[in-house]
Amino acid sequence: MAILPIITAPDRRLKVKSTPVEIVDDKVRKILDDMLATMYQAPGIGLSAVQVGIPKCLITVDVSPDDEENTPLYLINPEITEYSEELESYNEGCLSLPEQFADLDRPGAITVQYLDYFGELRRLRAEGLLSRCIQHEMDHLKGRLFVDHLSTVKRGIILRKLDKAKRQKVMA
Ligand code: NI
C-alpha cells in the first residue's frame, strides 16, 4: 500500500467534479487500499479520491474511536437517498484544510446507497459522526469543501491563511 500526497486548499484540483466508477476491479481496489492507508496515516476519519488527485467517486471512511478496532468503510459511487429533517451542528475539519475548523449544520441522519469494495450494492442508514463524515466526503466528489458552506468572508479568511501557510512552506 502506498501513502499518497493529500492536496491542500486552495487548489483547482479540489474543485473538479468526480466521475462514477464503471467497473469495480483490482485497479479500483488498489486505489481504495492506498486511500485507506493515506487516511490512517494522516490521521483522518474520511478521504475522497479527488483529495489525492483521482477525480473518481471513491470514498474511504472510518469513524471508530482510536482505542477500538478499525472499521473501514469503502463507498463507491455513493448516492444519498434520504436526509433527516433535523439538522445537527458539528465543528468540521478536513485533511485538505489543515488545522482549520468551522461549525456547520448538516442533516443529522442520512441513507446512502453505494457499491462496496467488491462492487456489491449496499444501503446504509448513518447517524452522528458517520453521517457527518459521509456527507463531507460526498461534497468533495462535487468539488465542494466545507468552507463552501460558510459565508464569503469566513471562507476568505480560512483560504488566505492556508495560502499563506503554503507559500511559507515553499520558501522554507
Ligand atoms: Ni475533507
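**Cysteines, nickel site and pockets**

Student: How far is the sulfur of Cys57 from the closest cysteine sulfur?

Tutor: The closest cysteine sulfur to that of Cys57 belongs to Cys133, and the separation is too far for a bond. In this predicted model, Cys57 is also buried, with a relative accessible area of 11%. The distance between the sulfur of Cys57 and that of Cys133 is 16 Å.

Student: How many disulfides does the structure hold?

Tutor: A disulfide requires two cysteine sulfur atoms within 2.5 Å. The sulfur of Cys133 has its closest cysteine sulfur in Cys94, 9.9 Å away, so the two are too far apart for a bond. For Cys57, the closest cysteine sulfur is 16 Å away, again too far. The number of disulfides in the structure is zero.

Student: Is Cys133 buried or exposed?

Tutor: A residue counts as buried when its relative accessible area is under 20%. The relative accessible area of Cys133 is 4%, so this residue is classed as buried.

Student: Which residues coordinate the nickel ion?

Tutor: The coordinating atoms are one SG and two NE2 atoms, at 2.0 to 2.2 Å from the metal. Along the chain, the donors follow the spacing C-x41-H-x3-H. Two of them, 42 residues apart, link distant parts of the chain: Cys94 in the loop between β4 (87-92) and β5 (102-107), and His136 in helix α2 (residues 128-141). The coordinating residues are Cys94, His136 and His140.

Student: Are Cys94 and His136 buried or exposed?

Tutor: Both residues supply donors to the nickel ion, Cys94 through SG and His136 through NE2. His136 is listed among the buried residues of α2, together with the other nickel ligand from that helix, His140. Cys94 and His136 are both buried.

Student: How many of the 14 residues of α2 are buried?

Tutor: The buried set includes Cys133, His136 and His140. It also contains charged side chains, including Arg132, Glu137 and Asp139. The helix is mostly covered, and its count of buried residues is twelve.

Student: How far apart are the end C-alpha atoms of α2?

Tutor: At 1.5 Å a residue, the 14 residues of α2 should span 20 Å. After the helix comes Gly143, which has a positive phi near 80°. The end C-alpha atoms of α2 agree with the expected span, as their separation is 21 Å.

Student: Which element gives the largest share of the lining of the largest pocket?

Tutor: This pocket has a volume of about 360 Å³ and is lined by 21 residues. Nearest its centre lie Ile45, Glu92, Gly93, Phe101 and the nickel ligand Cys94. By class, the lining has ten nonpolar, seven polar and four charged residues. Two elements give two or more residues to it, β4 and α2, and the largest share, five residues, comes from α2.

Student: How many nonpolar residues are in the lining of the second largest pocket?

Tutor: The second largest pocket holds about 290 Å³ of space. Among its lining residues are Ile6, Pro98, Leu162, Ala165 and Val170, together with Glu99 and Lys161. Two lining residues are polar and four are charged, while the number of nonpolar ones is six.

Student: How far apart in space are Ala165 and Pro98, C-alpha to C-alpha?

Tutor: Both Ala165 and Pro98 line the second largest pocket. Ala165 lies in helix α3 (residues 152-171) and, at 40% relative accessibility, counts as partly exposed. Although they are 67 residues apart in sequence, their C-alpha separation is 9.8 Å.

Key. Residues are numbered from 1 along each chain as its sequence is written. This is a predicted model: local features need pLDDT of at least 70, side-chain atom pairs count only at pLDDT 80 or more; totals for chains, interfaces and linings use all residues. Side-chain values use heavy atoms; hydrogens and water are left out. Donors are N, O and S atoms within 2.8 Å of the metal (3.2 Å for Na, K and Ca); water is not among the atoms, so sites may look incomplete. Helices (H or I, at least four residues) and strands (E, at least two) are DSSP runs, numbered from the N terminus. Buried means under 20% relative accessible area, exposed over 50%, partly exposed in between (1.4 Å probe, protein chains only). On a 1 Å grid over the protein atoms alone, a cavity is a set of points where a 1.4 Å probe fits but cannot get out, and a pocket is an open set with protein on both sides within 12 Å along at least five of seven lines; lining residues have an atom within 4 Å of a point. Grid points are joined across faces, edges and corners, and a volume is the space filled by probe spheres set on the points. The expected span of a helix is 1.5 Å times one less than its number of residues.
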